[in-house]
Amino acid sequence: IFSCLGVECSNLRMDGIDQARDLLSRLVDFGQNLTQAWQDPSLAVWPALRSFIAAVDWSEPLLRGLMAFHLFNVVLLGLALHRKSEVGLAVLFVFFGGCVLGAKPLNGFLRERWEELATQPYFDEGGSFISAVFSAPLVLLDFVIVISLLVTTVAQLRRLARAKARDKARAVTEKKEK
C-alpha cells in the first residue's frame with residue numbers, strides 16, 4: 001500500500017515522520033477525490049444505490065442478523081479504539097479479513113439454501129449482494145483500523161524523534177560540562 005502511494009519504506013528513519021505525514025495527506029486527498037467522484041451526476045451512483053436499498057427486504061431475519069453482526073463489530077472496534085489496544089485492533093483486523101475471505105464460500109452455501117433463509121434469491125453466483133452487505137462493511141472497518149494504526153505509528157515516531165533529540169541535547173550538554 002505504501003509503494004502505490006509513492007512512499008519509500010526502505011529509509012524510514014528520521015524522515016519517517018515526514019513520510020507518514022505525506023501518506024496521511026495523500027489518503028485525505030484520496031478520500032476527497034472519492035467523495036467528489038461519488039457526487040458526480042454522470043456516474044449515477046445515488047440512483048443505483050437507492051434502487052438497491054429499495055429492492056432488498058431489510059426486515060428479513062437473515063438481514064437483521066447481519067445488521068446486528070455489523071453493529072456488534074462496530075461496538076467491538078469502538079472499544080478497541082477507546083482502549084487504544086493495538087493487539088485488539090490486530091485481532092479484529094485479522095477476524096474481519098478472515099470473514100471477507102470466507103464470503104465466497106458463504107455465498108455458495110447461502111445460494112444453495114436461500115429458500116430456507118430469505119424470501120428472495122439474493123445470493124448470486126458473482127457474489128455481488130454478499131459483497132455489498134457483508135464484505136464491504138468489514139473492509140470499511142479494516143480501513144478504519146489501518147488508519148488508526150497509522151496515526152498511532154506517527155505518534156510513536158514523533159515521540160521517538162523527540163526522545164532522540166532530547167538525548168542528543170543532553171549528551172551535548174554533558175560533553176560541554178566536562
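These exercises work through the helices, contacts and surface patches of one predicted model.

The model is predicted, with local features needing pLDDT of at least 70 and side-chain atom pairs counting only at pLDDT 80 or more, while totals for chains, interfaces and linings use all residues. Residues are numbered from 1 along each chain as its sequence is written, and side-chain values use heavy atoms, leaving out hydrogens and water.

**Exercise 1. Fold inventory**

Task: State how many helices and strands the protein chain has, and give the share of buried residues.

Solution:
- Step 1. Apply the rule: helices (H or I, at least four residues) and strands (E, at least two) are DSSP runs, numbered from the N terminus.
- Step 2. Count. The protein chain has 7 helices and 0 strands.
- Step 3. Write the order from the N terminus: α-α-α-α-α-α-α.
- Step 4. Set the burial classes. Buried means under 20% relative accessible area, exposed over 50%, and partly exposed in between (1.4 Å probe, protein chains only).
- Step 5. Read off the share. Of the 178 residues in the protein chain, 24% are buried.

**Exercise 2. Salt bridges**

Task: Find the salt bridges and classify the exposure of their partners.

Solution:
- Step 1. Recall the principle. Side chains of opposite charge can pair when their charged atoms come close.
- Step 2. Use the cut-off: a side-chain nitrogen of Lys or Arg within 4 Å of a carboxyl oxygen of Asp or Glu. The count is 2 salt bridges.
- Step 3. Take Glu 112 and Arg 113. Their N to O distance is 3.2 Å. Glu 112 is exposed, because its relative accessibility is 60%. Arg 113 reaches 29%, so it counts as partly exposed.
- Step 4. Take Asp 167 and Arg 170. Their closest N and O atoms are 3.5 Å apart. The two residues sit 3 residues apart in helix H7, so about one helical turn separates them.
- Step 5. Classify this pair. Asp 167 is partly exposed at 44%. Arg 170 is partly exposed at 46%.

**Exercise 3. Aromatic pairs**

Task: Describe the geometry of Phe 95 with Phe 96, then of Tyr 122 with Phe 123.

Solution:
- Step 1. Fix the rule. Rings of Phe, Tyr and Trp (its six-membered ring) pair if their centres lie within 6.5 Å; planes under 30 degrees apart count as stacked, over 60 as edge-to-face and the rest as tilted.
- Step 2. Count. This rule gives 8 aromatic pairs.
- Step 3. Phe 95 and Phe 96 make a tilted pair, with 5.9 Å between centres and 55° between planes. Phe 95 is partly exposed at 40%, whereas Phe 96 is buried at 0%.
- Step 4. Tyr 122 and Phe 123 make an edge-to-face pair, with 6.5 Å between centres and 90° between planes. Both residues are buried.
- Step 5. Place this second pair in its setting. Tyr 122 and Phe 123 belong to one aromatic cluster with Phe 52, Trp 58 and Phe 129.

**Exercise 4. Surface patches**

Task: Identify which residues form the positive patch and which form the nonpolar patch.

Solution:
- Step 1. Note the rule. Patch residues have over 30% relative accessible area and no salt bridge; like charges are joined within 9 Å, nonpolar side chains (Val, Leu, Ile, Met, Phe, Trp, Tyr) within 5 Å.
- Step 2. Note the charges. Lys and Arg count as positive and Asp and Glu as negative; His and the chain ends are not counted. Each charge is placed at NZ of Lys, CZ of Arg, CG of Asp or CD of Glu.
- Step 3. List the positive patch: Lys 84, Arg 158, Arg 159, Arg 162 and Arg 166.
- Step 4. Locate two members. Lys 84 lies in the loop between helix H3 (61–82) and helix H4 (86–101). Arg 158 lies in helix H7 (residues 128–177).
- Step 5. Check exposure. Lys 84 is exposed at 66%; Arg 158 is partly exposed at 35%.
- Step 6. Check the backbone of Lys 84. Its phi is positive, about 55°, although Lys 84 is not a glycine.
- Step 7. List the nonpolar patch: Leu 81, Leu 140, Phe 143 and Val 144, with about 320 Å² of accessible area together (Shrake-Rupley method, 1.4 Å probe, only the protein chains shown counting as cover for residues).
- Step 8. Assign it. H7 gives the largest share, 3 residues. Leu 140 lies in H7 and is exposed at 54%.

**Exercise 5. Sequence-distant neighbours**

Task: Give the C-alpha separation of Ile 147 and Leu 24, then of Leu 110 and Ile 130.

Solution:
- Step 1. Ile 147 is in helix H7 and is partly exposed at 25%.
- Step 2. The C-alpha atoms of Ile 147 and Leu 24 are separated by 8.5 Å, with their positions 123 residues apart along the chain.
- Step 3. Leu 110 is in helix H5 (residues 103–112) and is buried at 9%.
- Step 4. Leu 110 and Ile 130 are 20 residues apart along the chain, and their C-alpha atoms are separated by 9.6 Å.

Notes
Accessible areas come from the Shrake-Rupley method with a 1.4 Å probe; for residues, only the protein chains shown count as cover.
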